[in-house]
Structures are given as structure tokens and as C-alpha cells.
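User: Please take a close look at the salt bridges of this model, and set them against the helices that carry them. I would like one connected account, with the cut-off given for each term.

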Amino acid sequence: MTPDRPVTILIAALGGDGGGVLCDWIVEAAHHAGLPAQATQIPGVAQRTGATTYYVEVLPTARARLGERAPVLALNPAMGEVDVLLASELVEAGRMIFNGWVTPDRTTLISSSHRVFAIGERVAMGDGRFDVGRLLRAVKERSKAQILFDMDQAAEEAGSVLNAVLLGALAGCGRAPIPDQAFEAAIRAAGKSVDANLAGFAFGRAHARGELEQAVRAHQKRQAQARGVEDLIERARQAMPVAAHDVVEEGVRRLAGYQDRAYAARYLDRLDAVWSAENQAGGDGALLRETARHLAVRMSFEDVIRVAQVKVSAERFARVRAEVRAKGGEPLVITEHFKPGIEEICAVLPPALARRIMAWAERSGRLGKWYWSMHVRTSTVSGFLRLWLLSKLRWWRPRTWRFAEEQAQIDRWLQQIRHAAALSLPLAREIAECARLIKGYGDTHKRGSHNFARIEAAVIAPALAGTMAPPLAVDAIASARVAALADPEGESLARTLAEIAQRTQEVPRAAE
């Protein structure tokens, strides 16, 4: 920072995130500190169809020292000359990187790590989200310094708004020539939600300065101790590569909360076998990381017990109150809509009984046609108790038909991954990725499982049997998976599998 060169700050925000207020705060704070500042606001169409950016230049020389001289400040940013980028959402940070505003020799990138999904991401049949891993790699490679955390969640916990947390992160990063007191004075001068905004500012500043890291680690340790899984997490750290630690640890916590400690230990047992196979094949943990991510999701499958757990959780009630902005003393009525069918009901029955009922329903044509519509008010005592009692059936879950079916499918999938690892690590990773097809319950789960079975029979089984070359199988599985995710009716997958079969037949003919 030199006194004759302005500090340049570029703000990338979504509509409704308060980017204009953030810009005004920065300018007001600079003026309060006696520093020349200038801002250009370029609001565009809200959300993803247009850029909503703000540009601020602050000269780190007090007006009193300039005398009669007036600084010349730019109205727009120049590529390669942005000191600080503030982004209210991770993909907005990626958009700024793509546009060339972020440079590794100069720019400090400050962004919330949470996602606001675009329409294209939401409507995709499978996981249509942008690859967060690629975004994070771009952030690390293209910026000089990075401050990333979930500012949306931080704002909620502080009872504040996201732009106040961003302002605090800017103050804490040390790149702005503005003292903390000037930022706080700017918030007070605005006169709106002063206490809440100051709380958000303090949180963002503390996080940027690293003051919260120790507190967060201590909190996670207390959570692990409360659930009795701290030893499991330590076991994972000792036995598995560092590249997979964060995913595996989150999986352990997720499954302990979903079921119990023994179920989380079963998760680690399964991953130990995958890591052994990958390690013998010379892998670096990439296969283990992907398998751990998908395995945690598959093992926490959605049944009616899980739905009840989520519906009656204190966190959900607090989130709903925050979303509708209900005050502490205001009544809130929540009505849950359920439409279980025969399959959902059989999911919690013993396997033998469930199979008999499912067979009868399929023979009689009732499967997929009989549903029971239910409206349950969880804001009433009777409605809450109905779901609360259902959520307490976790002890019964391992005895249910759905649990037995899921565990058998998971074991077969893991066996395929381990077998493939000995042939080709890329092939094993593609098989692991096929877990993206299987999710949800009811028709969604049935359709995904059916598509997986078709890919398994047409590509995975021949590849593992040695009748299809691994490089060809890798491309074939990836193409089939993309086709299955893109087309819920399965027509695209059918065409893709037919093309794969044709190519497979042409290879030996060409060799002859």
C-alpha cells in the first residue's frame, strides 16, 4: 500500500445481498477516516442473468495532507489492478476470476463459501451444481490471498446480514487503509439495524483475523465428544490420507447423527477396505475421497424415519422462523404435507413382510398408484408428537426392509469399486461416481436404481469381467451416467447404451 496509489475494491453481489449498502458503508468509512474515496455502482439484472458489481477506490492519504490537490480516481476497475475482491457467493467469485479481475500477484479474494443455485443447477435431473472443487482450486491459484467461509450462516448466527459480515472480513484482512472505528461509525451513521450489523461486522472481522479458528475446533471437538465419535475421527486421521480427512470426518458425524456410533464405525470399516485397494494400486486418496463422499450420502438414505428426524429438529424450526422473520412471541403455524405410498410404508416393515406386500401390490396393479395424503401440523402438540415418535424409531431402522435393501446394494457397489481399483483407478472412480444416480425415495429412487442397474449390466460388469478395455469402460460409464442424469425418462440412456454396445462390437472387428 503506497500513499499515492489508491486501494481498489471490487464488489460482486447477487440481487438482494446488499451490495449497494456495502459499497456505501465503505465510502462512508473512508470519509469518516478523512480519506478520499470514490464509488461506481453498476446494478444489473438480479441473480444470474446480469452482473451486479460495485467498484470503490480509496486513497490511503488523508485529505488534510493533500492540501489543494484533488486525487484523480477511476470510475471502473482495470484488469490486473484490483486489490480486494468482495463476493457475496462462491460462483460470483468464480465469475470475477473468469472475467480477469483477480490476479495472483495482487488480489485478496474475500468470499462467502455458500451457494445460491442458478436455475440451470436446480432443474438438472442429477447433481447439476457447479463443481465447487474446481472453483476452490481457481480461487487458490488465481488470488494472492483468500478469506473464505460461510458468511450467510455466520450472518444468521449473529442475527445480522451477509454484507455486514463481508465488511468485517474486509476490515480484518488488513488491505483496506480504514481503521475499524471508521467502519463501525459508518454502520452507525446508516441508522438501520445498528446492533445487528455491528455484530455481523465483528464476526467477519474476527474470522478474517483467525480469531475464530480455535473456537471452531473446540466446538467440533465438543460435538464429537457428545456423540461419542471422537475416537472414530482420530482413527480415520491415523489410517487414511490427509486428502480425504475432511470428507471422512464429516461422514462420521453425519452417520452418527443419522443412526448411531456403530453405524459410523461401519462407514469407516467400509472405507478401510476401499483405501486398502486404492493404496495397493498406487492411488493418492482421490478414490477414497470420492467414495467417502458418496458412501456417506448412500448410508444416510431418506426413509420416513429420516424425514421425521428433519421435520422435528430444533434447527429446522429456528430456520423456518428466521426465513419468515417471525419474532420471538409471534405464533407460527407449520403444516407438513405427506403422500406416502405402499413402497414408503413397506420401507419401515420387516423384510419378509414387506416383500410379501410389495409382491401383492405389484400383482394387483396397486404399486405406484395407491397413496395416502396427510397434512400434519408440527406446530401443534399432537402433530409434533406424531412425527417425534416416528423420528425415535432409529433403533428399528436396521430391522427394516429398506435398510436391508440399501446395505446389500451398497456392499455390491463397494465390491465393484475395489475390484475396479486393481484394474484401473479411473475406472474405479467412475463406478464410485455412479452413486449420484441413486438418491431420494419413491419414484426418484426407483428410477435412479434402475438406471444404475442398466449401466451396471451393460458396462460395469463387462469391464470387471475383462471383456471391455478399462479406457473404453471409463468413457462409456461417464457418458452413460451423464445421459441418465440428463433424461429422467431414460430415453437418452437407452440411446447411449446402444451406441456403447455398437462401439464395443466394432473394436474386435477392427482388430481382425
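Analyst: Burial is judged by relative accessible area, with buried meaning under 20%, exposed over 50% and partly exposed in between (1.4 Å probe, protein chains only). This is a predicted model, in which local features need pLDDT of at least 70 and side-chain atom pairs count only at pLDDT 80 or more, while totals for chains, interfaces and linings use all residues. Residues are numbered from 1 along each chain as its sequence is written, and side-chain values use heavy atoms, with hydrogens and water left out.

As a setting for the pairs, the protein has 24 helices and 8 strands, taken as DSSP runs (H or I of at least four residues for helices, E of at least two for strands) and numbered from the N terminus. Of its 512 residues, 46% count as buried.

The structure holds 24 salt bridges, each being a side-chain nitrogen of Lys or Arg within 4 Å of a carboxyl oxygen of Asp or Glu. In one of them, the side chains of arginine 289 and aspartate 246 meet at 2.6 Å, N to O. Because arginine 289 lies in helix H14 (residues 286-299) and aspartate 246 in helix H12, this pair ties together parts that are 43 residues apart in sequence. Arginine 289 is partly exposed at a relative accessible area of 29%, and aspartate 246 is also partly exposed, at 47%.

Another bridge joins arginine 355 to glutamate 405, with the closest N and O atoms 3.6 Å apart. Here too distant parts of the chain are linked, since arginine 355 is in helix H18 (residues 351-363) and glutamate 405 in helix H20 (residues 401-423), 50 residues apart. Arginine 355 counts as partly exposed at 44% relative accessibility, and glutamate 405 as partly exposed at 28%.

Helix H20 also holds a pair of its own: arginine 402 and glutamate 406 form a salt bridge whose closest N and O atoms are 2.8 Å apart. The two residues are 4 apart in helix H20, so they are separated by about one helical turn, and both are buried. Elsewhere, Arg5, Asp83, Arg106 and Arg175 are linked in a network of salt bridges.

Helix H12, which carries aspartate 246, has a further part to play in the packing. Together with helix H19 (381-391), helix H12 (245-258) is included in what covers the buried residues of H15, where contact means heavy atoms within 4.5 Å. Those buried residues of helix H15 (residues 304-311) are Ile305, Ala308 and Gln309. They cover an arc of only 105 degrees around the axis, and therefore sit on the same side of H15; the arc is that of the directions from the helix axis to the C-beta atoms.

A buried arginine may be set beside these pairs. Arginine 205, in helix H9 (residues 194-208), counts as buried because its relative accessibility is 18%. Leaving aside neighbours within four places in sequence, arginine 205 is in contact with Gly168, Ala169, Gly172, Asp180 and Glu184. Glycine 168 has its place in helix H7 (residues 162-173) and is buried, with a relative accessible area of 0%. With the same neighbours left aside, glycine 168 is in contact with Phe201, Gly204 and Arg205.
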